[in-house]
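I opened this model to look up its overall make-up, then a few helices, side chains and backbone angles. My entries follow in the order in which I took them.

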Amino acid sequence: MHLPKWATGFGAQVIAGLIIGLILGLIARGGDIAWLSGILTWVGQTYVQLLKLLIPPLVFTAVVTSIANLRQVTNAARLAGQTLVWFAITAFFSVIIGILVGVVMQPGANSGVDQSAAAEPNSTGSWFAFIQSVVPANFLGLGAKATSEGSISVSFNVLQILVLSLLFGIAAIKAGRKAEPFIDFAGSLLSVIQVVLWWVIRLAPIGTAALIGNAVVAYGWEALGSLGTFVAAIYIGLALVIFALYPLILSINRISVAGFFRRVWPVTTLGFVTRSSLGVLPVNQRTVEESMGVPREYASFAMPLGATTKMDGCASIYPAIAAIFVAQFYGVALNPTDYLLIVIVSVLGSAATAGTTGATVMLTLTLSTLGLPLAGVGLLLAVEPIVDMGRTAVNVTGQALVAAVVAKREGIIDESAWDDTPDAATLDKPHPVAPSS
């Protein structure tokens, strides 16, 4: 029997991995099978590690190459400005949705969570910390720290890498002909990275199965407990953003809603199971380029920037509802000025979480602005992994949305890509990037 292409494409494979992962997770959890749980953990962590491995060289080479290619684009500054504007627009309406859901559902009014669970967070957000995080600590934006087990944990700050690559790209243009070999090398290296990226992307169904299976084993349903209303409020807010706000924005900009979601759904599900916008960045960027017709010169700028500063789930929905929860839990009445502050912090503050611990830092930034107890963060840690899955799914979907919307509004989107078979079918084969000249 001949199956339609949508049933055998990349998106269908990711969804199949999701279903298989749920089954394996339930088996491992129900039978307390340690070896199966261990395999799921190892495969999932390995897949995310492979994705993150490609992020530093991908961002650096893609941004340098795109800046070099932007020499031929007359509206480069306008593209950057429009990207930031749409980041702010989607963040604004997302936080409004979060506030409305929090006010209506009252997640903290009748919570049964024990107040002894309250604890000061290990890290807090601040505007100074954001400014400090933008300044590169070293050439590669790398950081290292010793773990409690005695090993060394190495991490990277994508925002710093983005700043470095922007500086090097602009400097290469200013240097003129002498910098052409450097630009050619960056383009050639990007071509190699794209091929390796394709190899890793093809493992996505396996990685999805392992990650969702491990999530079922690790979290189950027990963690919901007395915070069920809070979790429900978060997911209702996220659902309204992704299934109401985003389709409205797409319709206003005359982009096919069904076509967009067919193309982005593998990215959305991968974000859900990996809980990492940065880990999904390579797949997300490739999807908007190959499946949505967004020019590579623009996508290689907008997508890394979005992965660090465009977070409708972590920086809008979550801090709004969580702040309302904390206020209700401690019996603090919020006035219209407080709600206005939540909006301002959410629209401007998402960038302050770049290179840090994401939603937790964003929540502490919101609570400190409102004068609410920071110990309230500890009340929500039990369900952090569960809500983080939905937050990340919205984050990565919104990042693809803005890239497509800006490209459409500026008339640079490849309309023929939307006439082809939807789904991420173009991910089934590599498309290396030609070096710029």
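**Entry 1: the chain as a whole**

I began with burial and found that buried residues make up 54% of the 437 residues in the chain, where buried means under 20% relative accessible area, exposed over 50%, and partly exposed in between, with a 1.4 Å probe and protein chains only. I note at once that this is a predicted model, in which local features need pLDDT of at least 70 and side-chain atom pairs count only at pLDDT 80 or more, whereas totals for chains, interfaces and linings use all residues. Residues are numbered from 1 along each chain as its sequence is written, and side-chain values use heavy atoms, with hydrogens and water left out.

For secondary structure I listed 17 helices and two strands, taken as DSSP runs numbered from the N terminus, with H or I over at least four residues for a helix and E over at least two for a strand. The chain exposes about 18500 Å², of which carbon and sulfur atoms supply 66%; the areas come from the Shrake-Rupley method with a 1.4 Å probe, and for residues only the protein chains shown count as cover. Among contacts with a separation of 6 or more, 85% are between residues 24 or more positions apart, a contact being heavy atoms within 4.5 Å.

**Entry 2: two bent helices**

I then checked helix 11, residues 277–290, whose 14 residues reach 19 Å from first C-alpha to last, close to the 20 Å expected at 1.5 Å a residue; the expected span is 1.5 Å times one less than the number of residues. Helix 11 nevertheless has a kink of about 35 degrees centred on Val283, the bend at a residue being the angle between axes fitted to the seven residues ending there and the seven starting there. Of the 14 residues in helix 11, 13 are buried.

Helix 9 has 25 residues and reaches 35 Å between its first and last C-alpha, close to the 36 Å expected, and I found a bend of about 30 degrees at Val241.

**Entry 3: the surroundings of Thr90**

Which residues does Thr90 touch, not counting residues up to four places away in sequence? I listed Leu245, Ile249, Lys310, Asp312, Leu401 and Val402. Thr90 lies in helix 4, residues 76–105, and is buried, with a relative accessible area of 1%. The side chains of Thr90 and Lys310 are joined by a polar contact of 2.6 Å, a term for a pair of N or O atoms within 3.5 Å, where within protein one must be able to donate a hydrogen and the other to accept it, and residues adjacent in sequence count only if both atoms are side-chain atoms.

**Entry 4: aromatic rings and helix 13**

A search of the whole structure gave me nine aromatic pairs. The rings of Phe230 and Tyr318 have their centres 6.2 Å apart and their planes at 70 degrees, so this pair is edge-to-face; rings of Phe, Tyr and Trp (its six-membered ring) pair if their centres lie within 6.5 Å, and planes under 30 degrees apart count as stacked, over 60 as edge-to-face and the rest as tilted. The pair links distant parts of the chain, with Phe230 in helix 9 (residues 228–252) and Tyr318 in helix 13 (residues 312–329), 88 residues apart. Phe230 is buried at a relative accessible area of 1%, and Tyr318 is buried at 3%. Phe230, Tyr318, Phe325, Phe329 and Tyr330 form one aromatic cluster.

Also in helix 13 I looked up Ala327, which counts as buried at 1% relative accessibility. Leaving aside neighbours within four places in sequence, Ala327 is in contact with Val332, Leu334 and Leu372; from Leu372 it is 45 residues apart in sequence and 6.8 Å apart in space, C-alpha to C-alpha.

**Entry 5: positive phi**

Last, I checked two residues that have a positive phi although they are not glycines: Gln106, at about 50 degrees, and Arg254, at about 60 degrees. Gln106 is found in the loop between helix 4 and helix 5 (127–134) and is partly exposed, with a relative accessible area of 35%. Arg254 is found in the loop between helix 9 and helix 10 (257–274) and is exposed, with a relative accessible area of 75%.
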